[in-house]
Amino acid sequence: MSAAFRRNATITRLLQSHHHPITDPTRAPILLRTQTQHSKAYFRVPDFIRRSTREYEHSSSSLFSSRFSSSSSSSSSKIGLVGWYLGLIKSRPVLTKSITSSLIYIAADLSSQTIALPSSGCYDFLRTLRMAGYGMVILGPTLHFWFNFMSKLFPKRDLFSTLKKMVMGQALYGPAMTVVFFSVNAFLQGENITEIVARLKRDLLPTMINGVMYWPICDFITFRFIPVQLQPLVSNSFSYLWTVYMTYMAGLEKATTSPSRLTQ
């Protein structure tokens, strides 16, 4: 009985010594790392293949990035232009808005002259210079201060605040700037006070009626959806078509005056 027990114990020790890589927990990680390194060495990809693969991936990514950058260059340039303009508005707001108004008035006056110009006529660049000066010196700064005043008076952009801004614009700012526009333009053309008053009597009311039909929707969009720093730009954009009409009206002949007024 004891001999059989000793024989079984001997067999057990032999089996444990033979399978020690599995049963010994301290040596198992070392053996596994060794086997993994041998397997990796056996299946290792040659260096020239890996270099070729990396070069191909780099060339493919470069080609894709160049195509992507060329396709998105137009949109990024537009974003860059808008950012540049916003930076100018932040650093020099009055000057930037004044130059913008001047450029829009130049384009509008040239468009107006092109529409009304006869085939054999030539452009009146002195008239264009007057319009550019008005946009630069008068309209641009007044738009800046008017929109800032409206944003402080009615800081919200809800529907009711927008309607109040529209009413004030149509009742105060619009008529005042129309009178200033006709008066300054007539004065620069050499008209006297009587002739300026006669021009205002002739042209002011029709211009204001047409303005009421055009500007409310423009003011609603501007005040309701546009941030205050961009409102002069949007208003100037809307004013392009309006300025074509205004420059046409300003370029009309002098209004006739009665002889009694001329003798006064």
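What follows is an informal walk through the fold, the core and a few individual residues of this structure. The model is predicted, so keep that in mind with every value below.

**Overall picture**

The chain has ten helices and zero strands. Written out along the sequence, the pattern is simply α-α-α-α-α-α-α-α-α-α. The chain runs to 264 residues, and 28% of these count as buried. Its accessible surface is about 17500 Å², with 69% of that belonging to carbon and sulfur atoms. Take the contacts between residues at least 6 apart in sequence: 73% of them join residues at least 24 apart.

UniProt, in an unreviewed entry, lists residues 129–147 and 167–188 under "transmembrane region". In the model, residues 129–147 are 100% helix and 0% strand, with 26 Å between the end C-alpha atoms. Residues 167–188 are likewise 100% helix and 0% strand, and there the end C-alpha atoms sit 31 Å apart.

**The nonpolar core**

The largest nonpolar core holds 25 residues, and Leu-139, Trp-146, Phe-181 and Phe-182 touch the most other members. Four helices each supply at least two residues of this core: H6 (125–153), H7 (159–188), H8 (193–225) and H9 (231–250).

Phe-182 is a handy place to start looking around. Setting aside residues up to four places away in sequence, Phe-182 touches Arg-199, Leu-200, Asp-203, Leu-204, Thr-207, Met-246, Met-249 and Ala-250. That list includes charged residues such as Arg-199 and Asp-203 as well as nonpolar ones such as Leu-200 and Met-246.

Thr-178, in helix H7, shares some of that company. Thr-178 touches Leu-204, Thr-207 and Met-246, again not counting residues up to four places away in sequence. With a relative accessible area of 9%, Thr-178 falls under the 20% cut-off and is therefore buried.

**Aromatic pairs**

A search of the whole structure turns up 13 aromatic pairs. Two of them are set out here.

| Pair | Helices | Centre to centre | Angle between planes | Separation in sequence |
|---|---|---|---|---|
| Tyr-134 and Phe-181 | H6 and H7 | 5.0 Å | 70° | 47 residues |
| Trp-215 and Trp-242 | H8 and H9 | 6.5 Å | 75° | 27 residues |

Why is the pair of Tyr-134 and Phe-181 edge-to-face? The planes of the two rings stand at 70°, and over 60 degrees counts as edge-to-face. The pair of Trp-215 and Trp-242 is edge-to-face too, with 75° between the planes. Both pairs link distant parts of the chain. Tyr-134 and Phe-181 are both buried, and so are Trp-215 and Trp-242. Ring pairs also join Tyr-105, Tyr-134, Phe-181 and Phe-182 into a cluster.

Trp-242 deserves its own look. This residue is in helix H9, and at 12% relative accessibility Trp-242 counts as buried. The C-alpha atoms of Trp-242 and Trp-215 are separated by 8.8 Å. Leaving out neighbours within four places in sequence, Trp-242 is in contact with Thr-207, Asn-210, Gly-211, Tyr-214 and Trp-215. Thr-207 appears in this list, and Thr-207 is also touched by Phe-182 and by Thr-178.

**Two polar residues**

Is Glu-191 buried or exposed? Glu-191 has 5% relative accessibility and so counts as buried, although the residue is found in the loop between H7 and H8. Which side chain does the side chain of Glu-191 make a polar contact with? The partner is Arg-199, at 2.7 Å. Beyond its neighbours within four places in sequence, Glu-191 is in contact with Ala-186, Ile-196, Arg-199 and Lys-254. Arg-199 also touches Phe-182, so you can step from this loop residue to a core residue by way of Arg-199.

Thr-142 is found in helix H6. At 25% relative accessibility, Thr-142 counts as partly exposed. Its contacts, apart from neighbours within four places in sequence, are with Tyr-173 and Met-177. Thr-142 and Val-94 are 48 residues apart in sequence, and their C-alpha atoms are 9.0 Å apart in space.

Technical notes
Residues numbered from 1 in each chain as written. Predicted model: local features only at pLDDT ≥ 70, side-chain atom pairs only at ≥ 80, totals over all residues. Heavy atoms only, no water. Buried < 20%, exposed > 50% of the residue type's maximum accessible area, 1.4 Å probe, protein only. Contact = heavy atoms within 4.5 Å. Areas by Shrake-Rupley, 256 points an atom, 1.4 Å probe, with all protein chains shown as cover. Core = buried A, V, L, I, M, F, W, Y, C linked by side-chain atoms within 4.5 Å. Phe/Tyr/Trp six-rings, centres within 6.5 Å; stacked < 30°, edge-to-face > 60°. Polar contact = N/O pair within 3.5 Å; in protein donor to acceptor, adjacent residues only side chain to side chain. UniProt positions renumbered as here; feature names shortened; annotations may be inferred.
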